[in-house]
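Hi,

Here is the structure I said I'd pass along. Have a look first, and my notes follow underneath.

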Amino acid sequence: MTVVSLALTLAACGRSDRPAPVAPPRPEVQAPSDRETAQCLADLRALGVDYQRLPDRPAMGPGCGLVGTVKLLDIGVPTANLGAVRCGEARAYAAWARNGVAPAAYQILGSELTRVISMGSYACRDTVGTSGPARRSGHAIANAIDIGAFELKDGRRISVLRDWNSPDPDIRRFFETIRTSACRRFGTVLTPNFNAAHRDHFHLEDDGKSFCR
């Protein structure tokens, strides 16, 4: 063995590589009890909401799954692009759209609300635009809805991205009114006031918290 090869062999023997960090396991999906879901479904029926109960799929990815979810068929206000939603979230959303958004559109903007444009509910992913350790979004369990725009009978489309800082005081008042209404019904409400990741939508989450931005 040459001197050079001996030196390389000895150096390799003394190397102490650090082990690769192990990511912490994702938490299990926190699901509502059967009793809570049954009561929620009864509440939807009492509100006159037409829905379809969806089968549970509790293991759709680490920390992701669908438990106690429904598909809203008719809440009195058409909503585009809305898929599976946890029942409690659906109940809060139906009340907000019917009793918060629709009256505000008519009273402030002078036209009937014809459709709410959703940007989706379920997505197996982490939160975006927040600091600290990664954590699963409410979307990972279909417990959050993102809303991007509102369409009126007079043909106007009120977009969060385009109109949040509108020069029209009525549009700004409309947004403030429905934001306040959402904060009474959902635990977490995020708007363009929160961060750039929410510049184009309302994030509405039924998580039992009290965080309204």
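Let's start with α3: at 1.5 Å a residue (times one less than the number of residues), its 23 residues should span 33 Å, and the end C-alpha atoms sit 30 Å apart, which agrees. Helices here are DSSP runs of H or I with at least four residues, strands are E runs of at least two, and both are numbered from the N terminus. α3 does have a kink of about 35°, centred on A97; the bend is the angle between axes fitted to the seven residues ending there and the seven starting there. Just after α3, G110 takes a positive phi of about 75°.

Some housekeeping: this is a predicted model, with local features needing pLDDT of at least 70 and side-chain atom pairs counted only at 80 or more, while totals for chains, interfaces and linings use all residues. Residues are numbered from 1 along each chain as its sequence is written, and side-chain values use heavy atoms, without hydrogens and water.

Overall, the protein has 5 helices and 12 strands. Of its 213 residues, 42% are buried (under 20% relative accessible area, 1.4 Å probe, protein chains only).

Now the largest nonpolar core (buried Ala, Val, Leu, Ile, Met, Phe, Trp, Tyr and Cys joined through side-chain atoms within 4.5 Å). It holds 41 residues, and Y93, W96, F150, F174 and F175 touch the most other members. α3 gives the largest share, 12 residues. Leaving out residues up to four places away in sequence, F175 touches F150, I158, S159, V160, D163, W164 and F202 (heavy atoms within 4.5 Å).

Cheers

Conventions. Buried means under 20% relative accessible area, exposed over 50%, partly exposed in between (1.4 Å probe, protein chains only).
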